[in-house]
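The exercises below are meant to be worked through with the coordinates open. Each one sets a task and then follows it with a solution in steps.

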Amino acid sequence: MSELMRSDRAEVVVTGVGAVSPFGTGTGALIDGLAAGRSAIRVCEELAAVRGLRCCLAGLAGEMRCEWLDRRFRRTMSRMSLMAAEAAREAIHHAGLSPQHLRSPRSGVCAGSTVGSTIANEAFFRQYLQSQSIENIRSTAFFMLMSHTVSANLAQAFGVGGRTICPTAACATSAMAIGLAYEAIARHQADVMICGGTDEHHPLTTAVFDLLDAASTQSPACPDGAPRPFDANRDGVVCSEGAGILILESAAHARRRNAPVLAEVVGFATNNACGSLSHSDSRATADCIRAALDVAGLAPGDIAYINAHATGTLQGDAQEGQGIFAVFADRTPVSSLKGHLGHTLAASAALESIASIEMMRRGVIWPTRNLETLDPGCGRCDYVRRERHAEIQFVLKNSSALGGTNAVLVLGRPRNG
Amino acid sequence: MDERVVFDAIVDALVEEFELDRARMTSDAHLIETLGLDSLDFVDMVVVLQNRFGVSIRDEPRARQVRTLGDLHALVMDIRANGPGRPADFDGRAGDGLGSQTDGRRE
């Protein structure tokens, strides 16, 4: 994006947000849970029953039926798409977008998940492998399995007429989705983008981290003690589920329809830590942060708060902390919300961006839950351990993923806000 | 299983599968125009009915002529009584019934 002069870019604003999180359905539930410093992590009996799986904790979003949605749209949606639809419904309502706005070829969807529905995949293969037959496979199975199931289902359900993009970047998916949506609007290719990410809980997801020795083995007697981002006693990820959706819109389009402006998106960058598929790298993290600041035209000192990716893994938190320190030293407050929420995977950057927007609005920084004994290996950043009041004009949201992907967003408070 | 029981069983299965209004489940109800089903639903309807009645419908040529709930009922009754695939009953017309693709399905 730095190749496109800032003066030539359309200004991009956030006009609506919607959330399904382990705190429940709705942005209100997410914000209330975070503001109260609660944990959404519980013992998950489904995980406890899996032989060899050492993590028995998860953050689950509760029942998801979406009965307001016509059956023709629901029938092709797995749990992850239902959560995304619920979040998108809230965000679209919040933004005050009409069906006519959505039908425009200049309105699009950019949303994804880590993979197509694992629940649907399991159902397919359970049937297929037991019977060696496809006779009982439903016609809708493929629409849940396909990689772009989230964006395609959202576009169908809400009648969105423009570009339908489905980035897949594991845990950085929604940062990537918001970033690509931002770029589409900034480049005048779209006026409105419904963007974000979603993931549904399945034992396979937790197993992936456990196999890499990166899932928490915290005792079920104390589920809210994990995960522990940046803490010396952290022992890994707790997988959660949810969906976070933001409505991005060109400022001009938002002004024309008198839409509420919650925040601005002013920068995005993505890169790859080429050395390893499984390990993040502080230098690549720092490079990606600098690139996002360059796009935004900001200096490190302009950022008043960094919302870290930090999931509670030994290696990942340390590399991220060192990368942040390389750019900001100890001058900028840092916290992670994974201690409250667990790792909502493809939804995480969107949900945490929504929370960051609310922190900007309230002038408050929520601390990292479960950070009690700071690990010096995470760098000497200004880690927030108690709620702090602060005037925040710009927030940097850092995100990274298995596969070496980094994605960084820079969000700003509305200029007249 | 007599005719009425089979009809009621079909209605029960379709109401549950497709969230249909039971009051509209009359013999002359058109599967597409009245009940709002489409080609994806037809695939799933076959699965549901095959499981419910233990019969094979998927490759049944007469399914192409099914338009109404009554037609569906008659087909299930006939397959139950006489077995699948009676070519003499199939007149070869292209139909918009089960198994046809009339809603512009994409690949």
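A salt bridge is taken here as a side-chain nitrogen of Lys or Arg within 4 Å of a carboxyl oxygen of Asp or Glu. By that rule, a search of the whole structure, which is a predicted model, finds 33 salt bridges over all chains.

**Exercise 1. Describe the interface of chain B and chain A, beginning with its extent and ending with the salt bridges that cross it.**

Solution. Begin with extent, since the size of an interface is often given as the accessible area lost when the parts come together. Chain B and chain A bury about 1,100 Å² between them, and 40% of that area lies on carbon and sulfur atoms. The contact draws 14 residues from chain B and 11 residues from chain A.

Next, turn to the pairs that cross the interface. The rule finds nine residue pairs in polar contact, both residues of each pair being at pLDDT 80 or more. On the side of chain B that touches chain A, the elements giving two or more residues are α1 (3–18) and α2 (39–53) of chain B, and α2(B) supplies the largest share, eight residues. By type, the residues on this side of chain B are six nonpolar, two polar and six charged.

Finally, list the charged pairs. Five salt bridges are found across the interface of chain B and chain A. Arg74(A) forms a salt bridge with Glu19(B), in which the closest N and O atoms are 2.7 Å apart. In addition, a network of salt bridges links Arg71(A), Arg75(A), Asp38(B) and Asp41(B).

**Exercise 2. Compare the setting of three salt bridges: Arg4(B) with Asp8(B), Arg22(B) with Asp12(B), and Arg187(A) with Glu183(A).**

Solution. Recall that side chains of opposite charge can pair when their charged atoms come close. For the pair Arg4(B) and Asp8(B), the N to O distance is 3.1 Å. Because these two residues are four residues apart in helix α1 of chain B, they are separated by about one helical turn. Arg4(B) is exposed, with a relative accessible area of 53%, while Asp8(B) is partly exposed at 34%.

The pair Arg22(B) and Asp12(B) has an N to O distance of 2.8 Å. This pair links distant parts of the chain, with Arg22(B) in the loop between α1 and α2 of chain B and Asp12(B) in helix α1 of chain B, 10 residues apart. Arg22(B), at 47%, is partly exposed, and Asp12(B), at 37%, is partly exposed.

In chain A, Arg187(A) and Glu183(A) meet at 3.6 Å, N to O. Arg187(A) is partly exposed at 32% relative accessibility, whereas Glu183(A), at 13%, counts as buried.

**Exercise 3. Explain why strand β8 of chain A is described as largely enclosed by the rest of the structure.**

Solution. Count the buried residues first, taking buried to mean under 20% relative accessible area. Nine of the nine residues of β8 (residues 242–250) of chain A are buried, so the strand is largely enclosed by the rest of the structure.

Then examine the faces, given that in a regular strand the side chains alternate between the two faces of the sheet. Gly242(A), Gly244(A), Leu246(A), Leu248(A) and Ser250(A) are buried on one side, and Ala243(A), Ile245(A), Ile247(A) and Glu249(A) are buried on the other.

Last, identify pairing strands. Strand β1 (residues 12–21) of chain A pairs with β8(A) in the antiparallel sense over eight bridges, and Val13(A) stands opposite Glu249(A). Strand β7 (residues 192–199) of chain A pairs with β8(A) in the antiparallel sense over eight bridges, and Thr198(A) has Ala243(A) as its bridge partner.

Terms used:
Residues numbered from 1 in each chain as written. Chains lettered and ligands numbered in written order. Predicted model: local features only at pLDDT ≥ 70, side-chain atom pairs only at ≥ 80, totals over all residues. Heavy atoms only, no water. Contact = heavy atoms within 4.5 Å. Buried area = accessible area lost by both parts, 1.4 Å probe. Polar contact = N/O pair within 3.5 Å; in protein donor to acceptor, adjacent residues only side chain to side chain. Nonpolar A, V, L, I, M, F, W, Y, C, P; charged D, E, K, R; others polar. Buried < 20%, exposed > 50% of the residue type's maximum accessible area, 1.4 Å probe, protein only. Pairing = 2+ DSSP bridges.
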